[in-house]
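Q: Please choose one loop in this model and take me through it closely. Then set it in the context of the whole chain.

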Amino acid sequence: MLVGPSRKSFIGKLAEVPLERRLMGTAAAVTAAVLRGAHVVRVHDVREMVEVVRVADALRPASFAGRAA
């Protein structure tokens, strides 16, 4: 599954922030996507989102992450 939530308008509307302040909303959306099974995320702030994805992936249940229980 591929998800591209980076800086999207829905983040601005939900968090009531302008485009340049959507990093944390993007991080939340990326975390939710990874926890729901996303394998690829398209983002603008790659360096920051690598950390987010690593943590989210570590928190993902083994059945989704492909790891043995």
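The answer starts with the chain as a whole, moves to one loop, and then works outward.

A: This is a predicted model. The protein chain holds four helices and two strands. Read along the sequence, their order is β-α-α-β-α-α. The part to look at is the loop between strand E1 (2–3) and helix H1 (9–15). Two of its residues deserve attention: Ser 6 and Arg 7.

Start with Ser 6. Ser 6 counts as buried because its relative accessibility is 2%, and the limit for buried is under 20%. What does Ser 6 touch, once neighbours within four places in sequence are left aside? The list is Thr 26, Arg 42, Val 43, His 44 and Asp 45. With His 44 there is also a polar contact: the two side chains are joined at 2.8 Å. Val 43, another residue on that contact list, belongs to the largest nonpolar core.

Now Arg 7. Buried or exposed, or in between? Arg 7 is partly exposed, since its relative accessible area is 32%. Its backbone stands out. Phi of Arg 7 is near 60 degrees, a positive value, and the residue is not a glycine. Most residues other than glycine have a negative phi. Glu 16 offers a parallel case: its phi is positive, about 55 degrees, and it too is not a glycine. Glu 16 sits in the loop between H1 and H2. There the relative accessibility is 71%, so Glu 16 counts as exposed.

The side chain of Arg 7 has a charged partner. Arg 7 and Asp 45 meet in a salt bridge, 3.2 Å from N to O. The bridge links distant parts of the chain: Asp 45 lies in the loop between strand E2 (40–41) and H3, 38 residues from Arg 7. Side chains of opposite charge can pair when their charged atoms come close. Asp 45 therefore turns up twice around this loop: as the salt-bridge partner of Arg 7, and as a contact of Ser 6, whose relative accessibility is 2%.

How many salt bridges are there in the whole structure? The search finds two. The other pair is Arg 60 with Asp 57, where the closest N and O atoms are 2.4 Å apart. Arg 60 is buried, because its relative accessibility is 8%. Asp 57, at 25%, falls in the partly exposed class.

Arg 60 leads on to another loop residue, Ala 38. Ala 38 lies in the loop between H2 and E2. Its relative accessible area is 4%, so Ala 38 is buried. Leaving aside neighbours within four places in sequence, Ala 38 is in contact with Met 1, Val 3, Ala 33 and Arg 60. Asp 57 can be placed from here as well: its C-alpha is 9.6 Å from that of Ala 38, with the two positions 19 residues apart in sequence numbering.

Next, the nonpolar interior. Which residues make the largest nonpolar core? The seven are Ala 27, Val 30, Val 34, Val 43, Met 49, Val 52 and Ala 56. Two helices give two or more residues each: H2 (23–35) and H3 (46–59). Val 52 shows some of the packing. Leaving aside its neighbours within four places in sequence, Val 52 is in contact with Ala 27, Val 30 and Thr 31. Two of these, Ala 27 and Val 30, are core members.

The outside has a nonpolar feature too. Leu 35, Val 55 and Leu 59 make a surface patch of about 260 Å². Leu 35 belongs to helix H2. Leu 35 is partly exposed because its relative accessible area is 32%.

Finally, the totals. Of the 69 residues in the protein chain, 29% count as buried. About 4900 Å² is exposed, and carbon and sulfur atoms supply 59% of it. Among contacts with a separation of 6 or more, 43% come from residues 24 or more positions apart. The bridge from Arg 7 to Asp 45, at 38 residues apart, is one example of a link between distant parts of the chain.

Terms used: Residues are numbered from 1 along each chain as its sequence is written. This is a predicted model: local features need pLDDT of at least 70, side-chain atom pairs count only at pLDDT 80 or more; totals for chains, interfaces and linings use all residues. Side-chain values use heavy atoms; hydrogens and water are left out. A nonpolar core is a set of buried Ala, Val, Leu, Ile, Met, Phe, Trp, Tyr and Cys residues joined through side-chain atoms within 4.5 Å. Buried means under 20% relative accessible area, exposed over 50%, partly exposed in between (1.4 Å probe, protein chains only). Contact means heavy atoms within 4.5 Å. Patches are made of residues with over 30% relative accessible area and no salt bridge: like charges are joined within 9 Å, nonpolar side chains (Val, Leu, Ile, Met, Phe, Trp, Tyr) within 5 Å. Accessible areas come from the Shrake-Rupley method with a 1.4 Å probe; for residues, only the protein chains shown count as cover. A salt bridge is a side-chain nitrogen of Lys or Arg within 4 Å of a carboxyl oxygen of Asp or Glu. A polar contact is a pair of N or O atoms within 3.5 Å; within protein, one must be able to donate a hydrogen and the other to accept it, and residues adjacent in sequence count only if both atoms are side-chain atoms.
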